[in-house]
Every structure is written in structure tokens, then in C-alpha cells.
Amino acid sequence: MPTQSVTLVILGASGDLTHRLLLPGLGTLLRAKPDYDIRLIGASSDDLTESEWRDRVRSALTEGGCRTERADAMAAATRFVSLNVTDPGQMQAFLDELTEPGRPIVLYFALPPAVTEQSVHVLSTLRLPDDLRLALEKPFGTNLATAKALNALLASFIPEERIFRVDHYLGKATVLNLLGLRFGNRVFEPVWNAANIERVEIIADETLALEGRAGYYDHAGALKDMIQSHLMLVMAIFAMEQPARIDAIELRDLIVHTLRSTSLWSDPHEPSSRRARYTAGEIDGRQVVDYTAEPGVDPARNTETLAQVTVEIRNARWAGVPFRLRSGKALGDGFRGIVVQFRPVAHQPEGFHNAAAPNVMVIGFTPETLALRVTTNAEGNRWDLETTTLSAELGESPVRPYGEILDEILSGTMLLGVRGDMAEESWRILEQVLEAWADGSVPLDTYTAGWYGPTSWNHTAS
């Protein structure tokens with residue numbers, strides 16, 4: 001593999017995202033693909049010395065598994081720049097200094113969404129390097145109108161193939177395994193439809209509470225933080241039609257095709273959306289304060305820490321199947337994965353003492369697992385039926401999700417990137433939910449930190 005040379009600029013280098021996810025992810029990438037020639041630059045408006053930045057780089061790369069000598073070399077060569085990304089003069093001078101023939105520049109916006117948008121407006125007025133790539137963290141916009149406006153702004157000065165809207169969930173090995181599991185096994189693809197599947201749940205629950213992220217989370221909430229930007233795309237990958245090949249155009253075309261067919265669930269027996277907020281409780285022996293008592297939280301915003309949305313994909317394959325997307329914080333089990341419940345058998349022969357339970361498949365994200373519940377004859381009485389679970393650990397990828405994402409950005413491929421129309425369709429699906437929540441049509445329930453969620457939701461829990 002030839003050496004790939006690139007300049008990676010992390011805007012917001014002093015932030016939590018950089019230290020906790022980006023740099024360790026880069027460390028896993030450099031361990032797996034050591035041929036990258038990366039010129040790493042950190043930039044931030046915060047007070048951070050060059051020595052402190054080098055120490056952070058060395059520590060985080062090593063944490064990700066990067067070889068010590070490589071981490072030391074990267075730390076020695078990196079530099080830190082004090083930069084106001086919303087100042088046109090500073091940004092122009094900074095970009096001019098970076099320009100080097102034959103070496104693409106990646107600007108990674110590890111910044112709050114509002115600051116990122118301001119900086120993009122500034123970039124649209126500047127003289128830009130020929131091979132500049134932009135990596136934008138979610139959420140992309142705050143609703144359909146703002147997402148469209150931001151897409152139009154970006155399209156006015158940079159081609160789509162150099163815009164990388166980051167969704168690290170698409171870098172998770174288990175999400176990518178959906179393609180191999182379904183299309184690489186004859187036993188699954190024929191039953192991947194409404195005739196055989198009764199319902200699908202895509203869940204991303206966390207045991208972690210706010211953890212000091214009020215500045216971002218209290219404005220976003222669970223719906224925008226996770227469902228719009230992550231789980232909607234996981235659903236589309238799960239449900240899309242079969243691609244002829246795995247490439248950036250075809251895969252993303254099929255994802256958009258699925259999203260365009262998706263609408264909110266309209267069955268009166270199950271609400272299309274629910275929201276809740278945690279109160280004080282205990283998780284794994286640690287005390288969790290009420291969300292409204294967390295530093296930086298404004299209770300008047302009515303920010304939800306648990307969101308649930310049920311949608312339907314209105315096409316021949318999936319019509320009538322509810323897809324429930326759920327994500328929240330301060331929850332007891334912290335389950336993250338996909339639960340597929342199959343329909344009961346069409347006919348069970350007479351003579352068995354009990355009814356066969358429907359098959360259930362569970363695809364775990366963290367840890368990466370696969371389990372399939374099947375019916376077998378019981379050991380004691382052969383005419384009794386019992387369930388048996390076939391399970392496997394899929395094994396973690398040596399490259400963390402952010403490493404996978406960085407690999408594509410640095411190499412210029414776009415397979416895991418979120419295209420502009422993908423982001424817009426995700427917002428379009430949730431427009432009615434946002435409106436209903438804003439006008440109070442959907443109540444804000446509560447749940448005790450450490451529980452599964454509000455007890456009033458239990459009748460729809462699987």
C-alpha cells in the first residue's frame with residue numbers, strides 16, 4: 001500500500017470529543033495502517049500550551065494502541081494553534097499557511113454545531129486550498145429547514161465528494177456486519193421482510209448520565225443526539241434492498257431510498273413518539289442527581305434524556321412492520337443493539353403440549369454479539385417445546401469506529417459518510433415529532449435513573 005500523505009486539522013482540539021474519541025480512534029488506525037503520513041495540527045480558541053497538546057496526543061494515541069515510537073514521533077511533530085474559527089482573517093491566514101502541493105487538508109470540526117455552522121459561513125467567503133475536505137460532526141442542522149440551508153451553503157463552495165458528515169455509528173463493526181449477515185447468508189435474506197418479521201427495535205441505551213455535557217446535550221436531547229443522526233441510518237442499513245456491489249454511490253442511494261419510504265407509525269394502539277427525563281437514582285452503586293439539578297441544565301427547555309420513535313417503511317418489503325428506535329441516558333441495562341422479533345409459525349402441528357415461542361434475533365452493538373432464539377423439543381418431555389439460544393461473539397474490530405471514519409476521510413473514500421440527502425430525509429421523518437413535542441402534545445414522562453424507563457412504557461417493552 002502506498003504511503004498516503006494528508007494534513008489533519010482538528011478544530012476544537014481541546015475538547016472532550018478529541019481527547020476521548022478522535023485521537024484514540026486515530027491511534028487504532030495507525031496501529032492497523034501504519035503507512036499513513038499524517039501531519040497533525042490541533043486548533044482551538046481555548047488556552048492550551050503546545051506542550052499540553054503534545055502530551056494529549058501522545059497519551060491518546062498510545063491508549064488507542066498506536067506503537068509507542070509512532071505516538072512519540074506524532075507528538076513531537078504536531079503543533080497547536082490558537083484560532084478563532086469564526087474570524088475570516090485568522091482562518092484565511094491559517095489555511096494559506098497549511099497549503100502544501102500534493103497533500104490534502106482535512107478540517108475536522110470537533111466543535112459545537114452552532115460554532116461549526118458559523119465557521120462554515122466564514123469558509124464560504126474565503127480562498128480555499130484545492131483539496132480541502134470538511135468533516136462535520138452531527139447533528140447536521142437542527143431540523144429539516146436548517147439542514148437544507150446548511151447543505152445549500154456547503155454546495156455553494158465545495159463539492160459533495162469532499163464533505164464528510166460524520167456518523168461514527170456507521171463505523172461500528174456490528175453495523176457493517178448487517179450487510180454480511182443478511183446478504184452473505186442464504187438463510188436470512190429470504191425471511192427479511194414483513195411476511196416473516198413482526199417488529200424491529202433498534203436501541204441505544206446508556207448507563208451514563210449527563211457527565212458534564214450540558215452545554216451540548218441540553219440543547220440537543222436524546223432525539224437529535226441519537227435517533228435522528230444515528231439510529232435512523234442504522235435502520236436504513238438494516239432494511240434496505242440488496243446492493244449489487246458495496247460502493248459509496250450504491251450503498252448510500254439504497255439508504256436514501258429506504259428513508260424516503262419511511263413515515264411515522266400511525267397505529268392508534270402505539271404512539272409514534274414518547275419522551276422522558278430521568279430523576280435522581282442509583283446506577284451501579286453511584287448516585288445520580290435529577291437531570292434538572294445537573295450543572296448547566298435549564299429545566300425550562302424540557303430536554304428529554306430518553307426518546308422513542310416508532311416508524312414504518314412503506315414499501316412492499318416492510319409495510320405494516322413497526323420499527324421502534326429508542327435511546328436514552330441513565331438507564332439500568334445500557335443495552336445497545338437490534339432486536340428482531342419474527343412472526344409465529346404459520347401452523348404448528350397438533351400434539352405438542354405448548355405453543356412455540358416466536359424466533360428472536362438480537363444483534364448487540366456493545367459488546368458485539370449475535371444471538372438467535374429458536375424452538376426445540378424439551379429435554380424432559382419430548383412433546384414439550386422450549387427455547388434454545390444460539391449465540392456468538394463477533395469480536396471487536398481492531399480499529400475503533402472513529403478510526404474507521406478517519407480512515408475514509410483521510411483516504412478520500414466516502415462509503416461511511418452521510419450524504420446531504422440522507423441527513424435531510426432523517427430530519428423529514430421526525431418533523432412531526434419535533435412539532436408535537438414543541439407544542440406539548442406529547443407529555444414529558446419521568447423515570448428513575450437506573451431503571452429501564454418510565455413504568456407506563458412497560459407494556460410496549462420487549
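How do the residues of the lining of the second largest cavity divide into nonpolar, polar and charged? In this predicted model, that lining comprises seven nonpolar residues and one polar residue, with no charged residue among them. The residues concerned are L170, L176, I237, L251, I255, L415, L416 and G417, and the volume that they line is about 40 Å³.

**Cavities**

The structure holds two cavities of 30 Å³ or more, and the largest cavity has a volume of about 110 Å³. Its lining is made by 14 residues, of which K138, F140, S229, V418 and A423 are the closest to the centre of the cavity. Four elements, namely β5 (132–137), β6 (163–166), α8 and α11, each supply at least two residues of this lining. By class, the lining of the largest cavity divides into seven nonpolar, three polar and four charged residues, whereas the lining of the second largest cavity has no charged residue.

| Cavity | Volume | Classes of lining residues |
|---|---|---|
| Largest | about 110 Å³ | seven nonpolar, three polar, four charged |
| Second largest | about 40 Å³ | seven nonpolar, one polar, no charged |

**Packing of α8 with α11**

The helices α8 and α11, which both contribute to the lining of the largest cavity, also pack against each other: α8 (residues 214–239) and α11 (residues 420–438) meet at an angle of about 140°, with their axes 10 Å apart. Because of that angle, α8 is oblique to α11, and the crossing in which α8 passes α11 is right-handed. On the α8 side the contact is made by L223, K224, I227, Q228, M232 and L233, and on the α11 side by M422, A423, S426, W427, I429, L430, V433, L434 and W437. These residues divide into 12 nonpolar, two polar and one charged. A423 thus appears in the contact with α8 and also among the residues closest to the centre of the largest cavity.

**Packing of α1 with α10**

A second helix pair is formed by α1 (residues 16–32) and α10 (residues 401–411), which pack at an angle of about 70° with their axes 7 Å apart, and the two helices are therefore roughly perpendicular to each other. From α1, the residues L17, L21, L22, G25, L26, T28 and L29 meet Y402, G403, L406, D407 and L410 of α10. Classified in the same way, the contact of α1 with α10 has eight nonpolar, three polar and one charged residues.

Notes: Residues are numbered from 1 along each chain as its sequence is written. This is a predicted model: local features need pLDDT of at least 70, side-chain atom pairs count only at pLDDT 80 or more; totals for chains, interfaces and linings use all residues. Side-chain values use heavy atoms; hydrogens and water are left out. Axes are lines fitted to C-alpha atoms, for helices over the stretch in contact, and angles run from 0 to 180 degrees between N-to-C directions. Angles under 35 degrees count as roughly parallel, over 145 as roughly antiparallel, 65 to 115 as roughly perpendicular and the rest as oblique. A crossing is left-handed if the near helix is turned anticlockwise from the far one by less than a right angle, and right-handed if clockwise. Contact means heavy atoms within 4.5 Å. Ala, Val, Leu, Ile, Met, Phe, Trp, Tyr, Cys and Pro count as nonpolar, Asp, Glu, Lys and Arg as charged, and the others, Gly among them, as polar. On a 1 Å grid over the protein atoms alone, a cavity is a set of points where a 1.4 Å probe fits but cannot get out, and a pocket is an open set with protein on both sides within 12 Å along at least five of seven lines; lining residues have an atom within 4 Å of a point. Grid points are joined across faces, edges and corners, and a volume is the space filled by probe spheres set on the points.
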